[in-house]
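Biologist: I've got a structure to look at and plenty of questions. Could you walk me through it slowly?

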Amino acid sequence: MSSPRGTEDIGSTLAHLVKAMKTPTIGRVFEQLADTARDRGWSHEEYLAAVLERQVADREANGTALRIQTARFPAVKTLEDFNTDYQPTLRQDLLAHLETTTFIPKANNVILLGPPGVGKTHLATGLGIKACQAGHPVLFDTAAGWVNRLAEAHHRHGGLASEIKRLRRYRMLIIDELGYLPFDADAANLFFQLVAARYEQGSLLITSNLAFSRWGEIFADDTIAAAMIDRLVHHAEVLTLDGESYRTRARRELIEHNTTHRK
Ligand code: ADP
Ligand code: MG
């Protein structure tokens, strides 16, 4: 099949092949890497590996960027930006374990509990970004947003079941701010169906300002709350954050700093 070709000939052949394979990075790097290969005396296999590695790295980076975009995080906040000094009681070992995202293929859940301002949304987003980087599709919304979405699906042709099925492609659903707004009976029922359908099928990451003992207040029904908690925590890591709101603390420290400097 192959025969020696002129360099011009091979250039246009490669351009054509790269286009057909939809591997634009290879098109960009093959010439420069060929020079490097000649300079350094790489084998054919080494050259091929170097070219493919660049293509795979670019594809993974593009995939991550796309997943982060489609996840609809309210803001891009990373775990690297999260200052654990402000959370002395936070279990670092557990956070380090969650960072590996190995809980996602196991369909395990994460529950973040704590008062407003302690970094629940920040941590949820940071873990979501780790998941995107590891190749898992993620979708973020508030609890109220999820209930609206489920209610719309419920009233639409096709209904709730098909919506829940569609959500299966997201390996982690983030449900932020559960407990800020109480649910009526319909909302509680829709939400329960989501939790029940995800049980052992796909990860949920839930943040709430209310301890489990108060979830009955969210759903106006202790039985449904207990059934929900039962399914959620069966395979879950629960992280509790506490302390003063990060916003309040930062503001207070700024004021203290200014007063001491004026003295
Ligand atoms: P919550 O969701 O618990 O109400 P947020 O995650 O919205 O709190 O945090 C409030 C603000 O403080 C955000 O801008 C967040 O990035 C920041 N923040 C909170 N905790 C930390 C922390 N430990 N390190 C860095 N930033 C933090
Ligand atoms: Mg929040």
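Modeller: Happy to, and let's begin in the sheet: strand 3 and strand 4 run parallel and pair over 5 bridges. Keep in mind that this is a predicted model.

Biologist: Which residue in strand 4 stands opposite isoleucine 175?
Modeller: We're looking across the parallel pairing of strand 3 with strand 4. There, the residue facing isoleucine 175 is isoleucine 206.

Biologist: And which residue in strand 4 is the bridge partner of leucine 178?
Modeller: Leucine 178 is also one of the residues with the most contacts inside the largest nonpolar core. Its bridge partner in strand 4 is serine 208.

Biologist: How does the chain get from strand 3 to strand 4, and what is the hand of that crossover?
Modeller: The route goes through helix 8, making a β-α-β unit. That helix lies across both strands, at about 145° to strand 3. As for the hand of the crossover, it is right-handed.

Biologist: What about strand 2: how many bridges join it to strand 3?
Modeller: Strand 2 covers residues 138–142 and runs parallel to strand 3. One pair to find on screen is aspartate 141 with isoleucine 175. The number of bridges joining the two strands is 5.

Biologist: What is the strand order of the whole sheet?
Modeller: In general, strands of a sheet pair through backbone hydrogen bonds, parallel or antiparallel. Here we have an open sheet of 5 strands with parallel pairing. Reading across, the order is 2-3-4-1-5.

Biologist: Which strands stand at the edges?
Modeller: Look for strands that have a single partner strand, so that one side has no neighbour in the sheet. Two fit that description: strand 2 and strand 5 (236–240).

Biologist: What does the twist average from one strand to the next?
Modeller: Picture stepping across the order 2-3-4-1-5. From each strand to the next, the twist averages 10°.

Biologist: Is strand 3 largely enclosed or largely open?
Modeller: Count its buried residues, where buried means under 20% relative accessible area. Of the 7 residues in strand 3, 6 are buried, so the rest of the structure leaves this strand largely enclosed.

Biologist: Which element gives the most to the largest nonpolar core?
Modeller: Nonpolar side chains tend to be buried together in soluble globular proteins. The largest such core here has 33 residues, with Phe183 and Trp215 among those with the most contacts inside it. Elements giving it two or more residues include strand 3 (172–178), helix 6 (143–155) and helix 10 (222–234). The top contributor, with 7 residues, is helix 8.

Biologist: How many residues does the other core have?
Modeller: This one lies apart from the largest core, and its members include Leu98, Val118, Leu123 and Ala124. Its size is 26 residues.

Biologist: Which residues is phenylalanine 183 in contact with, leaving aside neighbours within four places in sequence?
Modeller: Phe183 is among the residues with the most contacts inside the largest core. Its contacts are Ala143, Val147, Leu178, Ala188, Phe191, Ile218, Phe219 and Ala220.

Biologist: Is alanine 153 buried or exposed?
Modeller: Alanine 153 is found in helix 6, and it touches Gly159, Leu160 and Glu163. Its relative accessible area is 0%, so alanine 153 is buried.

Biologist: Then what about glutamate 163: buried or exposed?
Modeller: Glutamate 163 is in helix 7 and touches Arg149, Leu150, Ala153 and Arg156. With 5% relative accessibility, glutamate 163 is buried.

Biologist: What is phi of threonine 101, roughly?
Modeller: Most residues other than glycine have a negative phi. Threonine 101 sits in the loop between helix 4 (92–99) and strand 1, and it is buried at 6% relative accessible area. Its phi is positive, near 60°.

Biologist: Where is glutamate 200, and how does its accessibility count?
Modeller: Glutamate 200 also isn't a glycine, and its phi is positive, about 60°. Its place is the loop between helix 8 and strand 4. At 43% relative accessibility, glutamate 200 is partly exposed.

Biologist: Last one: what separates the centres of the two domains?
Modeller: The domain assignment gives domain 1 (7–69) and domain 2 (79–248). Taken over C-alpha atoms, their centres are separated by 40 Å.

How values were computed. Residues numbered from 1 in each chain as written. Chains lettered and ligands numbered in written order. Predicted model: local features only at pLDDT ≥ 70, side-chain atom pairs only at ≥ 80, totals over all residues. Heavy atoms only, no water. Domains from an automatic or database assignment. Core = buried A, V, L, I, M, F, W, Y, C linked by side-chain atoms within 4.5 Å. Buried < 20%, exposed > 50% of the residue type's maximum accessible area, 1.4 Å probe, protein only. Helix = DSSP H or I, 4+ residues; strand = E, 2+ residues; numbered from the N terminus. Contact = heavy atoms within 4.5 Å. Pairing = 2+ DSSP bridges. Right-handed = clockwise from strand over helix to strand, strands pointing away. Axes fitted to C-alpha atoms, helices over the stretch in contact; angles between N-to-C directions.
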